[in-house]
Amino acid sequence: VCSSDLESQINEDAYIYAKASSAITKGELCYFTGVVGASSAITAAPAIAGITNAQYIIGIAAESISLGNFGLIQTFGSLKGFDTSAFVTGDILYYDSASGGMTSTYPTTGIIVTVAAVTYAGSGGSGSVQIRPQVTQRILGTANQVSVSQTDRKSTRLNSSHMSESR
């Protein structure tokens, strides 16, 4: 299931086939909005501001999808052929909880979803990104200490002012 303007590398890209609950433009960050009846198909739309559950962010539209039609949301791999001129080559992109889109500014509040890395910042449909959505957990509070054990029995202790290692 691939449109004629979508270039895919076999076994290097992953997609979700979704029905658009709002019109989606190629290159837009998308989120899960529901399911299609009792089927296994999902619905998706351009990400909105204020999403509090990071698991709803599913990927970047691999093609434009008109309202009510099905299309591909890319969840992993290289996506080419859309405008990335708002960013600089090498930028890491995050979900922007204020706008619903993507930003190169690391979020200081709310959820942290790393979406992609800009591999070429181009305008007029010449840009590209490497997609790899991942959620980073924010450690809340300033007085709590967190101990993380690693396989080499080295532990890391974090607090609000410094990080120390012990063996």
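**Exercise 1. Determine which polar partners the side chain of D13 has, and what its charge environment is.**

Step 1. The side chains of D13 and Q74 are joined by a polar contact of 3.5 Å, a polar contact being a pair of N or O atoms within 3.5 Å, where within protein one must be able to donate a hydrogen and the other to accept it, and residues adjacent in sequence count only if both atoms are side-chain atoms. This is a predicted model, in which local features need pLDDT of at least 70 and side-chain atom pairs count only at pLDDT 80 or more, whereas totals for chains, interfaces and linings use all residues. Residues are numbered from 1 along each chain as its sequence is written, and side-chain values use heavy atoms, with hydrogens and water left out.

Step 2. A polar atom of the D13 side chain also lies 3.2 Å from the backbone nitrogen of S78.

Step 3. D13 is buried but has no salt bridge, since K80, the nearest side chain of opposite charge, is 8.3 Å away. Here buried means under 20% relative accessible area, exposed over 50%, and partly exposed in between (1.4 Å probe, protein chains only); a salt bridge is a side-chain nitrogen of Lys or Arg within 4 Å of a carboxyl oxygen of Asp or Glu. Lys and Arg count as positive and Asp and Glu as negative, while His and the chain ends are not counted.

**Exercise 2. Place D13 relative to β1, and identify the strands with which β1 pairs.**

Step 1. D13 belongs to the segment before β1 (14-20), strands being DSSP runs (E, at least two residues) numbered from the N terminus.

Step 2. With strand β5 (residues 70-82), β1 pairs in the antiparallel sense over six bridges, and Y17 stands opposite L72 in β5. Two strands pair if DSSP finds at least two bridges between them.

Step 3. With strand β3 (residues 42-46), β1 pairs in the parallel sense over three bridges, where T43 in β3 is the bridge partner of K19.

**Exercise 3. Describe the surroundings of L79.**

Step 1. L79 lies in strand β5 and is buried, with a relative accessible area of 2%.

Step 2. Not counting residues up to four places away in sequence, L79 touches several residues, among them I60, Q74, V129 and I131, contact meaning heavy atoms within 4.5 Å.

Step 3. Although L79 and I131 are 52 residues apart along the chain, their C-alpha atoms are separated by 7.2 Å.

Technical notes:
Helices (H or I, at least four residues) and strands (E, at least two) are DSSP runs, numbered from the N terminus.
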